[in-house]
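Got your viewer open and a selection tool ready? Then let's walk through this structure stop by stop.

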Amino acid sequence: MSGQSVVNSKDFDNALKVGRPPNVVKLFPNSRALIVSGKFIDRAMIIKGNAMTIAANARSRLVLQGALQAAQRANAAVIIEIAKSEGGASAYCAVNYWNMAMIVDAVCNQLDITVPVAIHADHYGIKNDEDVQKARTEIPSMFDAGITSIAIDASHQPDDLNLLANIALNPMVPEWAGLETEVGEIKGKAGLSTVKEALFLIQGLNAHNIFPDWIALNNGTTHGIEASSQGIQIDLTTEIHNALEKYKVSGAQHGTSGNSSERLKKIASVTRTTKANVATALQMIAWGLEVNDYGNAILDDNGNFTKVKGDGLTAELWSEMVSYADSNGIKGGNYKKLNIVFENKILGQPAEIRSRMAGRVEDFVYNLLANVFNAADTAPICMDAILKAGSFNPGPRVNRIESPEEWTEEKIKKRASLITSDKGPDSDFDD
C-alpha cells in the first residue's frame, strides 16, 4: 500500500495531535485514526487540482472497510458517509449516524489505515418545520457520536424555505465541521438546478456568515440504479460552479453510480467538484453482483441481478436474501433495504468470504481514486494542510461578501418569489 509511507512518520504523528476535532479526541483519546473535518478533505483536492475524492456510502461494515483499504492503497484522503434515510432514526442500514465514526475508528486502528478520513452525515433531510425542530437536538447528538461533516439538505422545499432552514440549523453545526448544502433535489433529468437558485442559496448563506464547503446540485443524475444513459450534465455543472466562483464553494456530486468513468473523469477535470458520492455500486459489488463500468448491477433477461460465482456473499446467503426479497415484494434498487436485515448474517460468514467482499470493494474504489478521480496521493497534501493550519479547523475559504440587511427573512421570501424554477415530480428521492 502506498499509504504505508505515512505510518509512524513525524508528519502523521503531528497531524494526529492537532488535526482531530474535539469530539473525535473525546470519543477516541488513544486512537491513531486520523479522523478530520471534511473541510480538510476539500482543501486537499483543491490544492492537488482537478481532483475529487470518493464519499463512500457505508451501508455495511464491509463496504466501509473496503473503501478505507482502497484509500490507504491510493494514499488518498477520503470521506465515509451515510444518508439520513439509510442511517438516521428510521434506518435501513446497520451502519448509522451514531456508530459510523466508531466503526471507522476501529477499522483504521485494526488495519493501520493512516490516511485522513472525514465522517460525513449525508442528506440530512429537512422537509418541514417539524424536521427543523427535531434537528436542533439530533444534529448535536450526531456530532457527539463523531460526525465531522454534514449535508443540510432542505432541497425538498421551496428556495426560501431551503435557505431559511440552513440558516436556522447552522448554530447546531460546529464551525470547524465540513458543511454541504443542496439546491435541487437529486432526481435525474427532471427539476434541474439553475444558476439563479444556486446563487440565491449561497449568497443568502454568505450574508449570514455561513460558508459551505460544498454545494450539491440536481445536474441530471439519480440515486440508486440508473436506467438512463443521460447522467451528469457537465455543462450545467460547470456553468453553476463558475457562477459561484467568488464564494469559494466546491461541488458535491451525487449519484455517480449511473455514470461512466469517462464522464466522471471529466467532472473532476473541468468542474469544481471535490466530493463524489458512491453508494449503490459499492453495495452491489460487496455482495458479488456483476456490474458494468458505470457501477450499475447487470440484470438478466428476467430483470434479476446476476451473482458472480465464487465472489462476494456465499451462494447460500445470497439465495436467502433473494428469497426474502421475493417474499416481501422487494425489487431492483429497493434491495438496499436488505442491509439491516442481513448485516449480522453477512458479518457471520467465514473470514475468507468477508475478506473477498471487502476486497472487491477495495479494487473498485481504488480504481476510482487512482484512475478516475485523480485523488491518489492527496493524503500527504491533506496532512500538510492540517500542519500549516496547526489546528483541527482550517477556517473558512471566504469572508462575508453579501450585505445581511439585504437578506432578512422578509427579503429572502421576496427574492425567492422572483425565481422561476421547476422542482420536478414529487416522489422518494432521499438517497
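Start by selecting residues 351-372, which form helix 15. This is a predicted model, so keep that in mind at every stop. Helix 15 has 22 residues and reaches 30 Å from its first C-alpha to its last, close to the 32 Å expected at 1.5 Å a residue. Now colour its buried residues: Ile 353, Met 357, Ala 358, Gly 359, Arg 360, Val 361, Glu 362, Phe 364, Val 365, Leu 368, Leu 369 and Val 372. What covers them? Show strand 1, helix 4 (61-74), helix 11 (261-270), strand 8, helix 12 and helix 14, which are included in that cover. Then step past the end of the helix to Asn 374, where phi is positive, near 60°.

**Next stop: helix 12**

From Phe 364 in helix 15 you can hop to Ala 281, since those two are listed in contact. Ala 281 sits in helix 12, and its relative accessibility of 1% is why it counts as buried. Leaving aside neighbours within four places in sequence, Ala 281 is in contact with Ser 257, Gly 295 and Phe 364. For a distance check, draw a line from the C-alpha of Ala 281 to that of Glu 352: the two are 71 residues apart in sequence and 22 Å apart in space.

Now select Trp 287. Which residues does Trp 287 contact, leaving aside its neighbours within four places in sequence? They are Lys 307, Asp 311, Gly 312, Leu 313, Trp 318, Met 321, Tyr 335, Leu 338, Asn 339, Ile 346 and Met 357. Trp 287 also has a place in a wider picture: the largest nonpolar core has 133 residues, and Trp 287 is among the six that touch the most other members, along with Ile 54, Leu 68, Ile 80, Val 104 and Ile 150. In soluble globular proteins, nonpolar side chains tend to be buried together.

**Next stop: helix 13**

Two of the contacts of Trp 287, Trp 318 and Met 321, lead you to helix 13, where both are buried. Select residues 315-327: helix 13 has 13 residues and spans 18 Å from first C-alpha to last, close to the 18 Å expected at 1.5 Å a residue. Its buried residues are Leu 317, Trp 318, Met 321 and Ala 325. Turn the view to look down the axis of helix 13, and these buried residues fall within an arc of 100°, so they line one face of the helix. An α-helix has 3.6 residues a turn, so residues three or four places apart point the same way. The buried residues of helix 13 pack against helix 12 (280-287) and helix 14 (339-347). On the other side of the helix, look for the exposed residues Ala 315, Glu 316, Asp 326 and Ser 327. Following helix 13 is Gly 329, with a positive phi near 65°.

**Next stop: the barrel**

Switch to a cartoon view and show the strands. Eight of them make a closed barrel in the order 1-2-3-4-5-6-7-8, with parallel pairing. Neighbouring strands of this sheet are turned by 25° against each other on average, direction ignored.

Where does strand 1 pair? Residues 53-57 make up strand 1, and five of its five residues are buried. Four bridges join strand 1 to strand 8, with Ala 56 opposite Val 278. Three bridges join strand 1 to strand 2 (residues 78-83), where Ala 55 stands opposite Ile 79.

Go round to strand 6 (residues 214-217), which is joined to strand 7 (residues 250-253) by three bridges. Here Ala 216 stands opposite Ala 252. Helix 10 packs on the sheet, touching strand 6, strand 7 and strand 8 (273-278), and its direction makes about 145° with that of strand 6.

**Last stop: two aspartates**

Is Asp 235 buried or exposed? Asp 235 lies in helix 10 (residues 234-243), and at 66% relative accessibility it counts as exposed.

For the opposite case, select Asp 160 in helix 8 (residues 159-169). Asp 160 counts as buried because its relative accessibility is 14%, under the 20% cut-off. Leaving aside its neighbours within four places in sequence, Asp 160 is in contact with Phe 200, Ile 412, Lys 413 and Ala 416.

Key:
Residues are numbered from 1 along each chain as its sequence is written. This is a predicted model: local features need pLDDT of at least 70, side-chain atom pairs count only at pLDDT 80 or more; totals for chains, interfaces and linings use all residues. Side-chain values use heavy atoms; hydrogens and water are left out. Buried means under 20% relative accessible area, exposed over 50%, partly exposed in between (1.4 Å probe, protein chains only). A nonpolar core is a set of buried Ala, Val, Leu, Ile, Met, Phe, Trp, Tyr and Cys residues joined through side-chain atoms within 4.5 Å. Contact means heavy atoms within 4.5 Å. The expected span of a helix is 1.5 Å times one less than its number of residues. The arc is that of the directions from the helix axis to the C-beta atoms. Two strands pair if DSSP finds at least two bridges between them. Axes are lines fitted to C-alpha atoms, for helices over the stretch in contact, and angles run from 0 to 180 degrees between N-to-C directions.
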